[in-house]
Amino acid sequence: MTMLTKRAFPAGLLPLLAAIIVSGCAGAQPIRLPGSFHVADADFDGTRLRIRLPNGRVARLDVDEYVSGSVPAEAALGGLDPATARAVAEVQAIVARTYAFANRRRHAHEGFDLCATTHCQVFRPLSTWPAPIARLARDAAHATRGMVITFADRPINAVFHADCGGHTSDAGSAWRGDSPPYLRGTPDTYCVKDGAAPWRAEVSISDLRRALNRDDATNVGRRLEELEITEQDAAGRAVHVTLHGARTLAVRGERLRSVVNANLGPRTIKSTRFTVLRDGRHVLFEGRGFGHGVGLCQTGALARARAGHSPRDIIAHYYAGTAVAAWHSLPRVSASALPARTVLFTGSWTASDYPRARGPHAPHWLQE
Ligand SMILES: [Zn+2]
Ligand SMILES: [Zn+2]
């Protein structure tokens, strides 16, 4: 998460930024989002996860240990007053656990559950963090033990981003497909107070063309004339952009951002909440926010925590209609009881525009 150098992004946000950066690096890789996942959990007791550590070793970790090491890797905890730090850490702990449970089959074919990079969720053993941060993270994991964010009695796809810039977006407008009810765009007055100032990025036409041509979806050929935002969502994010060049192509805004950032640096287009205009030999992007804008806005969550909102209230704001519940209290579904292709989500999450995205056919949420 680190595209911003602003003070609004404390050091703790760096890993998150790193996640975005890494995810943006390879044009063919999905944005850091979960793929489709199976409802079946008869083989999972909720106590341990098989994590592939940064050194390549696979370790069976206690869930709380995993959550503790993910919290400071994904949220900024330094320099906050104690109550705010506690609330932010607890929000992130619940999000981390929910994400892990909902996505724990991502690496099943490789013999483990989750990797420790931005591909899944960043994890660093607690022993590698400064003592006060480690203590905060451990306390947050314990205080929220077993708790996950649920919708229809299932852990949700708890996606989050650094800063929505004042309005989150539907999952479907960032990626594709239907948006689950809890991932719909909503105004956020809090991050605007504490959040980043508007950003701007000026890129030469030739650099931009070279970057775009490195991906089939944005390859305009030998000439690039203009970028035209052809569809915006309610938040003002560019849902579709038409590239006018030797070839004229329509591309999703989030895909454009991913391709450009993979080639020109992760701080280039910080979010799809931008306007774009050509100025001679340059293209000027101006925008707000940082990240994909779907789900929980970390800058807004921090501002809400500072204003005294509880972790549950914060979660309820960003994931509308959800509950926070003990995973062990949820109804279990056994694999054998499910139709072979039952999944919670498809398409949208593997990012639509990516080659391996599956079945973009409705309905996307709940069952295929
Ligand atoms: Zn992974
Ligand atoms: Zn926000």
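Mentor: A definition to start: two residues are in contact when their C-beta atoms, placed from the backbone, lie within 7 Å. Keep in mind that this model is predicted.

Trainee: Which elements are included in what covers the buried residues of α7?
Mentor: Start with helix α7, residues 205–212, where Leu-208, Arg-209, Ala-211 and Leu-212 are buried. They span an arc of only 160° around the axis, so they sit on the same side of α7. Their cover includes β7 (199–204), β8 (224–232), β9 (238–245), α8 (253–264) and β12 (282–287).

Trainee: What is the mean pLDDT of the chain?
Mentor: pLDDT is the predictor's confidence in each residue, from 0 to 100. In this chain 77% of residues reach 70 or more. The mean is 81.

Trainee: Over residues 335–368, how many contacts beyond near neighbours in sequence does the model have?
Mentor: Take residues 1–40 before that: pLDDT stays under 50 there, and the model has 119 contacts beyond four places in sequence. Residues 335–368 also have pLDDT below 50. Where pLDDT is low, the predicted coordinates should not be read in detail. With that caution, the count for 335–368 is 82.

Trainee: In what order do the three strands of the open sheet lie?
Mentor: The pairing is antiparallel. β5 (154–155) and β14 (323–326) are edge strands with a single partner each, so one side of each has no neighbour in the sheet. The order is β5-β4-β14.

Trainee: What angle does the direction of helix α3 make with that of β4?
Mentor: Helix α3 covers residues 82–102 and packs on the sheet. It touches β4, β5 and β14. Its direction and that of β4 make about 65°.

Trainee: Which residue in β14 is the bridge partner of Thr-150?
Mentor: Strand β4 holds residues 147–151. Four bridges join it to β14, and the two run antiparallel. For Thr-150, the partner is Ala-323.

Trainee: Is Asp-153 buried or exposed?
Mentor: Look at the loop between β4 and β5, where Asp-153 lies. Asp-153 has a positive phi of about 65°, although it is not a glycine. The cut-off for exposed is 12 or fewer other C-beta atoms within 10 Å. With 11 such atoms, Asp-153 is exposed.

Trainee: And what is the phi of Ala-152?
Mentor: Ala-152 also has its place in the loop between β4 and β5. It has 14 C-beta neighbours inside 10 Å, so it counts as partly exposed. Most residues other than glycine have a negative phi. Ala-152 has a positive one, near 50°.

Trainee: Which residue in the β1–β2 turn has a positive phi?
Mentor: β1 (residues 48–52) and β2 (residues 58–62) run antiparallel, joined by five bridges. In one of the pairs, Leu-49 is matched with Leu-61. The two strands form a hairpin with five residues between them. The residue with a phi of about 95° is Gly-56.

Trainee: How many residues does α3 give to the largest nonpolar core?
Mentor: That core has 64 residues; Val-71, Val-88, Ala-89, Ala-158 and Ala-301 touch the most other members. Helix α3 gives the most, and its share is 13 residues.

Trainee: How many residues are in the other core, which has Phe-274 among them?
Mentor: This core lies apart from the largest one. Its members include Ala-238, Val-239, Leu-256 and Phe-274. The number of residues is 21.

Technical notes:
Residues are numbered from 1 along each chain as its sequence is written. Chains are lettered from A and ligands numbered from 1 in the order in which they are written. This is a predicted model: local features need pLDDT of at least 70, side-chain atom pairs count only at pLDDT 80 or more; totals for chains, interfaces and linings use all residues. Two strands pair if DSSP finds at least two bridges between them. Axes are lines fitted to C-alpha atoms, for helices over the stretch in contact, and angles run from 0 to 180 degrees between N-to-C directions. A residue is buried if 20 or more other C-beta atoms lie within 10 Å of its own, exposed if 12 or fewer, and partly exposed in between; C-beta atoms are placed from the backbone. The arc is that of the directions from the helix axis to the C-beta atoms. A nonpolar core is a set of buried Ala, Val, Leu, Ile, Met, Phe, Trp, Tyr and Cys residues joined through C-beta atoms within 7 Å.
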